[in-house]
Amino acid sequence: MLDPVSGPPVGPHVLDDPALGRIVKSSDEIAARIAELGAQITEDYRGRLPLLVCVLKGAFVFIADLAREIHLPIEVDFMAVASYGASTKSSGVVRIVKDLDIDLAGRHVLLVEDIVDSGLTLSYLRRNLLARDPASMEVCALFVRQGNQKTQEELRYVGFEIPPAFVLGYGLDVGERFRNLPYVCEYRGEG
Ligand code: IMP
């Protein structure tokens, strides 16, 4: 039963947690790469009004920083999909938990993803959003895991390619934990 005063069990401070492994990308490296992505997007979308579509929950930290590196008028909308749940394995099943508020017809859509692993989530989302008749649709993914893709998805903007290990932080979680780490590190498992 939950303690009514302190809420769910908290455990050690996240930075001391033995589940956290090697740092894969530091916050400085992430910030520098996002500045480059933002500059490129600014260049590419000059004269258009891009609609950034954030795929919750994992991309919420990334889009907050990316949006501020795009020096153009933009709009932002959010959708939530469920993929892994509390596990680290892809179920291959994608479910829209919250849909967009804005109509995509005639819009220049930039889909902002945290990490592309098997590519199944992205493949589903791309088909779903293209059916809404946008003027254009491109994808910006902060991370792509090397060698795991089951589909050939075209990614216009990629932050980093990373090795196979499961990672945490900067919006990425395991069982809803560690999203608030300012860097990205490997997950060592729980014990
Ligand atoms: P895919 O459908 O296999 O490409 O998985 C994409 C989704 O799974 C991402 O949007 C994340 O939410 C989640 N995911 C994949 N790899 C990781 C990881 O290393 N850490 C945390 N979440 C991940």
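How many residues surround the ligand, and which are the closest? In this predicted model, the ligand is surrounded by 17 residues, the closest being Asp 114, Ser 118, Thr 121, Arg 145 and Val 167. To see where this shell sits, it is useful to begin with the sheet.

The sheet is open and has 6 strands in the order β4-β3-β2-β5-β6-β7, with mixed pairing. Its edge strands are β4 (95-98) and β7 (157-162), each of which pairs on one side only. From one strand to the next, the twist averages 30°. Strands β2 (residues 50-56) and β3 (residues 75-82) run parallel and are joined by 6 bridges; across this pair, Cys 54 of β2 stands opposite Phe 78 in β3.

Two helices may be followed against these strands. Helix α1 (residues 27-44) packs on the sheet and touches β5 (108-116), β6 (136-145) and β7, its direction making about 150° with that of β7. Helix α2 (residues 60-67) lies across β2, β3, β5 and β6 and runs at about 155° to β2.

The account now returns to the ligand. An oxygen atom of the ligand is 2.5 Å from an N or O atom in the side chain of Ser 118. Polar backbone atoms also take part: one of Asp 117 is 2.8 Å from an oxygen atom of the ligand, and one of Gly 119 likewise lies 2.8 Å from a ligand oxygen atom. The protein covers 93% of the 490 Å² of accessible area that the ligand has on its own.

The elements giving two or more residues to the shell are β5 and α3 (120-130), and β5 supplies the largest share, 4 residues. By character, the shell divides into 7 nonpolar, 5 polar and 5 charged residues.

Key. Residues numbered from 1 in each chain as written. Predicted model: local features only at pLDDT ≥ 70, side-chain atom pairs only at ≥ 80, totals over all residues. Heavy atoms only, no water. Pairing = 2+ DSSP bridges. Axes fitted to C-alpha atoms, helices over the stretch in contact; angles between N-to-C directions. Contact = heavy atoms within 4.5 Å. Near = heavy atom within 4 Å. Polar contact = N/O pair within 3.5 Å; in protein donor to acceptor, adjacent residues only side chain to side chain. Areas by Shrake-Rupley, 256 points an atom, 1.4 Å probe, with all protein chains shown as cover. Nonpolar A, V, L, I, M, F, W, Y, C, P; charged D, E, K, R; others polar.
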